Amino acid sequence: MKTLVCVWMMICLCCCAEAAASDLLRDSAVSWLGALPCGSWDCECAFSKLQGCCCVSSALDDLEQATFIRMMGLWDGLMRLNTQVQDITAGCKIAFTAAMLPMSGCFGPFTSNMSISYQSVSLNQGNGYNPALGVFTAPHAGLYSFSFTVYSKPGSSGERLYQKLQLVKDGTVLASSWEDNREDSEDSSSQTLLLQLRRGCQVYMELLSGRQICGDTQGLNTFSGFLIYPSSDELGN
Ligand SMILES: *[C@@H]1O[C@H](CO)[C@@H](O)[C@H](O)[C@H]1NC(C)=O
């Protein structure tokens, strides 16, 4: 029992001595004011004149090299992304709005469906709209919004309102607005629709054969459209 206590006390003393020694080392390291003796424990230091860092200089060098390579990689990726964004968004400011020229008489009736050339163009960004033909040709694939307003005023009440217009995409009728009555002396209607278009798709308005638009003295018959967001041609349906 006595031996055990003695051994225990000795261990305790040793510990105290070890702690005192490490405290001493730390204190002298912290209070060191002179130059670090770098030269003597330089491990292949390329910057042997620099003091205090010689032993890590090769590791720092490696880190610098690795950081540089990663930054070059990031830069490269950024440039590629930038090019992709530019490819997608180039020429994507597409919007037009046009109205029929004011008229006191009537447009129509004709013996066949007649495309309407809205000739008074107030906006044509991206030049997709051709006022001579009244045809919009999509300069870029994407989702588009189109609107049209039909207005007709045959004249005195009792005269027949007899209009029918249709929005056509590449020969296919997608929307229509019509009127056939003798109760109203004037009437109008509007429609908006969203279309997924490929580049080169054509959208235009037609007046149906036998129908007519009359008395629009203020250019109230309008046709407009704009690109909501672009898509790649492969995605366009
Ligand atoms: C005119 O449009 C109507 C309605 O969409 C259609 O039924 C008719 O076939 C068209 N006429 C011609 C000549 O394309």
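D170 is partly exposed, with a relative accessible area of 44%. On the scale I'm using, buried means under 20% relative accessible area, exposed means over 50%, and partly exposed is what falls in between, with a 1.4 Å probe and protein chains only as cover. D170 sits in the loop between β8 (161-169) and β9. Helices (H or I, at least four residues) and strands (E, at least two) are DSSP runs, numbered from the N terminus. D170 also has a positive phi of about 45°, although it is not a glycine.

Before I go on, a word on what you are looking at. This is a predicted model, where local features need a pLDDT of at least 70, side-chain atom pairs count only at pLDDT 80 or more, and totals for chains, interfaces and linings use all residues. Residues are numbered from 1 along each chain as its sequence is written, and side-chain values use heavy atoms, with hydrogens and water left out.

How confident is the predictor? pLDDT is its confidence in each residue, from 0 to 100. The protein chain averages 83, and 77% of the residues score at least 70. Over residues 9-15, though, the pLDDT is below 50, and this stretch has zero contacts in the model beyond near neighbours in sequence. Residues 38-44 are also below 50 in pLDDT, but there the model has nine contacts beyond near neighbours. Contact, by the way, means heavy atoms within 4.5 Å.

Now the whole chain. It has two helices and 13 strands. Of its 237 residues, 29% count as buried. Take the contacts between residues at least 6 apart in sequence: 71% of them join residues at least 24 apart. The accessible surface comes to about 15300 Å², and 59% of that belongs to carbon and sulfur atoms. Accessible areas come from the Shrake-Rupley method with a 1.4 Å probe, and for residues only the protein chains shown count as cover.

Back to backbone angles. Most residues other than glycine have a negative phi, and most peptide bonds are trans. N127 is another residue with a positive phi, near 50°, without being a glycine. You'll find N127 in the loop between β4 (120-125) and β5 (129-130). At 66% relative accessibility, N127 counts as exposed. For a cis peptide bond, look at the step from G108 to P109, where omega is near 0°. P109 is in the loop between β2 (106-107) and β3 (114-115).

Next, the loop between β9 (172-181) and β10 (187-197), which holds S185. S185 is partly exposed, at 25% relative accessible area. Its C-alpha atom is 8.5 Å from that of S152, and the two residues are 33 apart along the chain. E183 has its place between β9 and β10 too. Is E183 buried or exposed? It is exposed, with a relative accessible area of 68%. The C-alpha atoms of E183 and R160 are 8.0 Å apart, with their positions 23 residues apart along the chain.

Let's compare that with a loop residue that is covered. H140 is in the loop between β6 (135-137) and β7 (142-152). H140 counts as buried because its relative accessibility is 15%. Which residues does H140 touch, not counting those up to four places away in sequence? Among them are D87, C92, R199 and P230.

For a residue within a strand, try V121, which is in β4. V121 is partly exposed, at 33% relative accessible area. Leaving aside neighbours within four places in sequence, V121 is in contact with T97, A98, Y129 and P131.

Finally, the ligand. Which residues are around the ligand? They are N113, Q166, V173 and L208, where being near means having a heavy atom within 4 Å. This shell divides into two nonpolar, two polar and no charged residues. In this count Ala, Val, Leu, Ile, Met, Phe, Trp, Tyr, Cys and Pro are nonpolar, Asp, Glu, Lys and Arg are charged, and the others, Gly among them, are polar. An oxygen atom of the ligand is 2.4 Å from an N or O atom in the side chain of N113. A polar side-chain atom of Q166 lies 3.0 Å from a ligand oxygen. Taken alone, the ligand exposes 360 Å², and the protein buries 34% of that.

Notes. pLDDT = per-residue confidence, 0-100. Polar contact = N/O pair within 3.5 Å; in protein donor to acceptor, adjacent residues only side chain to side chain.
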